Each structure stands twice: as C-alpha cells, then as structure tokens.
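Open the model in your viewer and keep the sequence panel beside it. The stops below follow the order of the chain, and each one says what to select and what is there.

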Amino acid sequence: MRSITRSFLSNSKENLKDNVHKIVSILNDLTEQRLIVQGTIFHGHLIKGGISYQKHIAVKLLIMYLKSRKTNEINQMLKEFDGFNLVVHNCLITANLEWGKLDEARRVFDEMPERNEVSWTAIVSGLLRYGKVGDAIAYFERNPFRSLFSWTAVISGLVQNGLSFKAMKVFLEMLQHGVMPNAVTYTSVIRACGELGDFNLGMCVLGLIVKVGFERNLSVSNSLITFNLRLNDTVSARTIFDRMQSKDVVSWTAILDMYVQMGELAEARRVFDEMPERNEISWSTMISRYSQSGDAEEAVNLFIRMVQQGFKPNKSCFASVVSALASLEASVMGRIVHGHILKIGMERDAFIGSSLVDMYCKCRSIKEGRVAFDSILEKNVVCWNSMVSGYSLNNQHEEAKELFGMIPQKDNISWNSLITGYLEYEKFDEVFEVFDDMLLSGEQPSKSTFSSVLCACASLASLQRGKNSHGKAIKLGFHDDIFVDTALLDMYAKSGDVESAKKIFQRMPKRNEISWTAIIQGLAENGFAEEALAVFDEFERTMSIARNELLILAVLFACSHCGLVDKGLHYFNSMEKVYNIQPNDRHYTCVVDMLSRSGRLSEAEKFISDMPCEPEIQAWAALLSGCKTYRNERMAERVAEKISELAEKHPEGYLLLSNVYASAGRWLDVLHMRKQMNEKGLKKSGGCSWIEVRNQPHFFYSQDGSHNEFMEIYGVLELVRSEMLLTQIAMF
C-alpha cells in the first residue's frame, strides 16, 4: 500500500484533478488498513495539489481521521465544510456510536435539520448494538424512511439482544407493510425461530424463503443449518449442507460442530480434514473435543499445526490445550504455551488462569501453579477451587485448608476438592470431618461427594458410617443415581454386608460396567465366588455393555477362589480374541494364583516364563505360596531365589521372603532377611486391625501399647486366653 501511494504521487503531480476516483480508492485502502501516518502524508500532497477540498475526497479524509480518532484533524476537516452537510453528519453519528459516545451521537442526530434513510438506520442500529432497545424502537417508530434496510436493522438488533419474539412481531409488521425481506432479513428471522425453538414457525419462514427463491443463498442456508441444529434435527441440517452449491467456512464449521456435539469424533475429524478453509473456531472446536474426549496428545498436535499455519488461538482454544497438557503432565510444553499466553496478555483472565493453575498442579509444579493463581486479577470460584484442588492432590493439605477458608463464596466443588485430596492420601478421618462441616454449612452434597465419602467408608470397612451416609443420600434424592448406588454397593460389599450389597444392585434402575464389576468383585472377595460367576453369566446374556479389564479381573479372581481353573483360563484366553482387551500384569498374576491354588504348579511356573511382560513380584509370591501349600520344596527354592533377585528392584520382596521363611520356621533365614531390610532402610509395618465403636475407629497394631485403654484391653485378652486354656484342660 505504501509503495502504491508513493508511485501514484510521483506519477500524478500534474494530473491530480483527473484522478479523483483513484484518490478515493487509495483513501479507502488507507482507512481500512489504518495507515494513518501514510494517510496524513497523502493528505498533505492533496493540499499541495489543491484538491483536498473536493467534496468526495474531503469526506473520505474525514472518515479516515474518524476511524483513527484523530481529534485535531477531525476538527480541522469539519471547518472546511461550509454549512450543513448530510453525509458528514451521518459519518459523525456512525463514528460516535463506534466510540460508545451514545449521547453525542444522539445530539448530532437530533440537531440535524435534515435526515435521510442512512441517518435513521445508523442511530437505530447503533442504539440496538449497545442494548438501548427502548430508545432504538422510539427512533424507529418516528422514522419516515421505513425501508427494507431499517426494518432489517431493527429485526437483527432485537435478535442480538435476545428479544426473538419481539423480532418476529416486527417481521410480521414488515410483511403487512408490503416490504419484502432480503437474505439478511431472513438470516435474522431464522435465527429468531431457532432461539424460540419454534419448529412450525421456522417451517413457515422456510416456505417464504423457498417462494422468493432465497433457499440457495449462502447466508440463508447457513442460518437454516443452525436452525435445524438448534432443534436437534441433524438429518435436515446435513441435507441442507449437502445441497448447498457453494459453502463457506461458516457452513463447514456448523456441520463440524454438529458431529462434535453428537460425540461422533471420527466423522467430525473427516469433515475437518475435508474443509477447504478453516478458521479459529473450527480449529478450537476440534482441539476442545479431543481434549474433552481424553485424546490429549492429538489435541496438542492440532494446536501445534494451528499455530504453524498462522492462526491465532482464542481464549477457549488456549484453555483446551492447557487442559490437554495437564492430562499429559507435559510441563515443558505447558511452559511454552504459557509463554504465548503471557505475550498476548491473557494470563490474568480467570478462564485461562484456572487452566494454568490446574496444569501446573497436575505436573507437580505447585509453586508455579500458585504464581499463575496470584496473577489472576478477578478470581472466580473456579480459580479458587483449582488451587485448593492442586494443593490437596499434591499432599499439601494444610495449605489447601488455609486457602479453602479464604474462598469468598464456596460451592459444592470447593468442598469436594478438599474431600478428594484427603481421600487420595487415605486421610479418612479428615474426609468425614470435612463432610460433616459441609453439612453444617448448609451446602448440599453432590453425587461426587457421596461417592468419595462412601469410598472412605469402604476403605475402613466402616459399616455404620456407610449406613449413615446411605440415609443422607436417600434423603437428598440420590438413591436412584447410578454412581451413588455403585459406591453404596461397593461400601456394603467391602464392609462384609453382602446381602445389602445385593439388594442395592437388584434395585438399581440402571447399571453400567462399574456396577457389574463391583458386585462380582464384592461377591468373590466375600467367599461367594460361584455366585459371582453366576452374576457374570447374567451380564453376558443380558448386557451389551463392552467388557473392561477390571470386570475380567474380578471374574478371574472369582474363578481362582472357587477352583474353576479351566473356566478361568477360558475367560483369560478370551480377553483378546472375544473381548478385545489386552491383558495386563494383574491379569497374569491372577492366572498364576489360580493355577498355584489348584496345585498346577508346573503350569504356573511355565505360564510365568512365557509371559510377554515382566512378571509382578506378586506372581512369584502366589507361586511360592502354592509351593508351600503343596510342599514342593525344590520349586520353592527356585522361586525364592527369583524373589530374592527381584528384591533389589522391588523391596517388598524382602518382606515377602521374610514372611515365607517365618511360616516355614526357618528363623535364621528370617534374621538374614530382616538384616538386609535394615541395611536398606526398609521397615516392616506391624499387623493392623481395627473396630468401630460409635462412629470412632480404634486401631490396634502388633505389640502396640499406644491405645489409651491398652491395659484394660490386654487384661480382657488375658482373661479370654485363660478361659480358653481352662476349657482345653477340661476337655482332657
């Protein structure tokens, strides 16, 4: 543009007056590109050439200065216009509206001795743009030039202000006045029908569109696609798209978003790859969907491609890619993206800031997370929750609790952030304490809250607390929620109340794979292995849900504990062939345990040697236990030697061997193992058991005297031991 201006000036010094159209074109380009310095220089040359006063050129110069808000130059230009100039006043109205100076725009309009259609349309559409609906309608009703453009401006403005019903009334009034709509009018009217969710009204408008031949218009077709999508009529939306003779990026993005909302990611990607042109919205849509669907790596790859192709990510896009990086715990890439965010000054935005906090905390960079948190100017509850959750999940519970107390207005997620953190680190007393405080505060627990609390109850086998939580869940209407019911089922099963677990399962209105897994696992762990397998057979017959690895693991566990080895092997061999599940090390260990329990030790040993992955030390432990049960000392020696080798990498192997030697009475070997454990700084935790009295768990460790009533407890134990001894003597 600069070179064109210089070339024109150098070649046209003698003929400026003959190039008015060319000058106007150059001024338009300078205004559009905001090249005010070059424009000012060009203005100087026009003054020298004696042509700046020419009407069309003077107006274009004024518009250029108005667009750049050059007050001095604007005032100077206004002095050059003698008397009233309608075009100039229209420009001033438009400029003041763009600057947000509504009162000044109205003053200029009201003082005009003469107005035209442009004047009225400018003031009406400008006021509507700023939400001044009442004032805009008042001006519109006074408008003597009610042309198609002024009607359309009102209809469009009302729709943009969320007044779709009023927009439709104005549209009907327009038709009654005999004014025929254009494509822009129909675009706004279709949008109004979509906002109202009125299918019949939309069909009536469509009839008008077809009657006047606008159905092939690009903007109208795009609006029809959006209208059908709002009514969840995806078939009609796709039909309109396929029939369009020409499509733009809006058309493609609408269909792309349709498949994204339907959850059909593969089809959405196919549409995305076929798009001849993409914009920031289409890129952001795909990145966001990949991030939300768990494919964080592809979300990051698309983001990199987007930046490489010169697109500028928007706020939503940055938040999605930061979330994806959090899932990948990719702190290096996260810092690079953070750098881009800092460059454009978005780091203080609450939406972006909370994503950065979450990303750093998940990458264990809690200090950087706090810096990101502190940089947010106006923190909302999401920002506070992200930081509290970050502290909680990084085992910094004191900091989490302190920050939690500073939250101006807590919500359900605030409380859940604390509860989840305590649960993660098995601080079950604190889970119950926070839950009780939550109830006292008046905050209603969510299904997520109950799931966490019931998980804590299950971990402690705290049946009474679990029953209390069950009662609260019923009171709050969560008794038919699949997630709460599954948590209740698991709690009752792990607390040994199998009958209650079965009742919960039987009355569940809906079940998912987690529910089935919980009941099968619960039955098997409580000694009802055959019943667990019967439940799995029912699952196979009645459910179309895909099997997962945990469900198959529960089935293998059941087979192992009821001696159905061949059936267990059948299920294991079906994992890849039938269920399309890749066995992991836990499945292999379960098969070894199953073979070892049944005395098929040689098969178990061969199975371990043929495993495609390195066996868990628990697999060798299961085989060693089988050797002990079936007194295969030679194999036991080999297995013990293998465990001893693995103990270097897996320190729990020392403890395992120590226990095996102790049970066999090999006390010298036990001392040797304990010595090695001491040398490596390993400690054996004492055996622990507990009982719950009045909602208070009491823990007891081997050879422990820390309980405040231990003297009385040991006294009762001694009395029981004496009674048992007397009973034994009496039998002889």
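Start with the whole chain, which has 42 helices and two strands. The model is a predicted one. Of the 732 residues in the chain, 44% are buried. Among contacts with a separation of 6 or more, 56% are between residues 24 or more positions apart.

**Stop 1: S119**

Select residues 117–129, which form helix α8, and pick out S119 within α8. S119 has a relative accessible area of 0%, so S119 counts as buried. Now show the side chain of N90: a polar contact of 2.6 Å joins it to the side chain of S119. Leaving out residues up to four places away in sequence, S119 touches L86, N90, F109 and M112.

**Stop 2: V154**

Go on to helix α10, residues 148–160, where V154 is found. V154 is also buried, because its relative accessible area is 0%. Which residues touch V154, not counting those up to four places away in sequence? They are V124, L128, I137, F140 and V170. For one of these, I137, draw a line from C-alpha to C-alpha: I137 and V154 are 7.8 Å apart in space and 17 residues apart in sequence.

**Stop 3: helix α18**

Select residues 280–292 to show helix α18, which has 13 residues. From its first C-alpha to its last, α18 reaches 18 Å, close to the 18 Å expected at 1.5 Å a residue.

Look first at the start of α18, where a side-chain oxygen of N279 comes to within 3.2 Å of the backbone nitrogen of I281. Then colour the buried residues of α18: S282, W283, S284, T285, M286, I287, S288, Y290 and S291. To see what covers these buried residues, add α16 (249–262), α17 (265–274), α19 (296–308) and α20 (315–328), which are included in the cover. Past the end of the helix, stop at G294, which follows α18 and has a positive phi, near 95 degrees.

**Stop 4: L328 and E329**

Stay with helix α20 and select L328, which is found there. Is L328 buried or partly exposed? Its relative accessibility is 40%, so L328 counts as partly exposed. Apart from neighbours within four places in sequence, L328 is in contact with A296, E297 and V300. The C-alpha atoms of L328 and E297 are separated by 7.4 Å, while the two residues are 31 apart along the chain.

Move to E329, in the loop between α20 and α21 (331–344). Most residues other than glycine have a negative phi. E329 is not a glycine, and its phi is positive, near 55 degrees.

**Stop 5: helices α25 and α26**

Select residues 397–406 for helix α25 and residues 412–424 for helix α26. Their axes come within 11 Å and cross at roughly 170 degrees. The two helices, α25 and α26, are therefore roughly antiparallel to each other.

Show the side chains where they meet: H397, A400, K401 and F404 from α25, and S414, W415, L418, G421 and Y422 from α26. The residues of this contact divide into five nonpolar, three polar and one charged.

**Stop 6: helix α35 and N580**

Helix α35 covers residues 565–577, 13 residues in all. The reach from its first C-alpha to its last is 19 Å, close to the expected 18 Å. The buried residues of α35 are V565, G568, L569, Y571, F572, S574 and M575. Turn on α33 (529–542), α34 (549–561), α36 (585–597) and α37 (601–609) to see what these buried residues pack against.

Before leaving, select N580 in the loop between α35 and α36. N580 has a relative accessible area of 70%, so N580 is exposed. Although N580 is not a glycine, its phi is positive, about 55 degrees.

**Stop 7: helices α36 and α38**

Keep α36 on screen and add helix α38, residues 617–629. Their axes are 8 Å apart, and the packing angle is about 5 degrees. The helices α36 and α38 are therefore roughly parallel to each other.

From α36, show T589, V592, D593 and S596; they meet Q618, A619, A622, L623 and G626 in α38. By class, this contact has four nonpolar, four polar and one charged residues.

Methods: Residues are numbered from 1 along each chain as its sequence is written. This is a predicted model: local features need pLDDT of at least 70, side-chain atom pairs count only at pLDDT 80 or more; totals for chains, interfaces and linings use all residues. Side-chain values use heavy atoms; hydrogens and water are left out. Helices (H or I, at least four residues) and strands (E, at least two) are DSSP runs, numbered from the N terminus. The expected span of a helix is 1.5 Å times one less than its number of residues. Buried means under 20% relative accessible area, exposed over 50%, partly exposed in between (1.4 Å probe, protein chains only). Contact means heavy atoms within 4.5 Å. Axes are lines fitted to C-alpha atoms, for helices over the stretch in contact, and angles run from 0 to 180 degrees between N-to-C directions. Angles under 35 degrees count as roughly parallel, over 145 as roughly antiparallel, 65 to 115 as roughly perpendicular and the rest as oblique. Ala, Val, Leu, Ile, Met, Phe, Trp, Tyr, Cys and Pro count as nonpolar, Asp, Glu, Lys and Arg as charged, and the others, Gly among them, as polar. A polar contact is a pair of N or O atoms within 3.5 Å; within protein, one must be able to donate a hydrogen and the other to accept it, and residues adjacent in sequence count only if both atoms are side-chain atoms.
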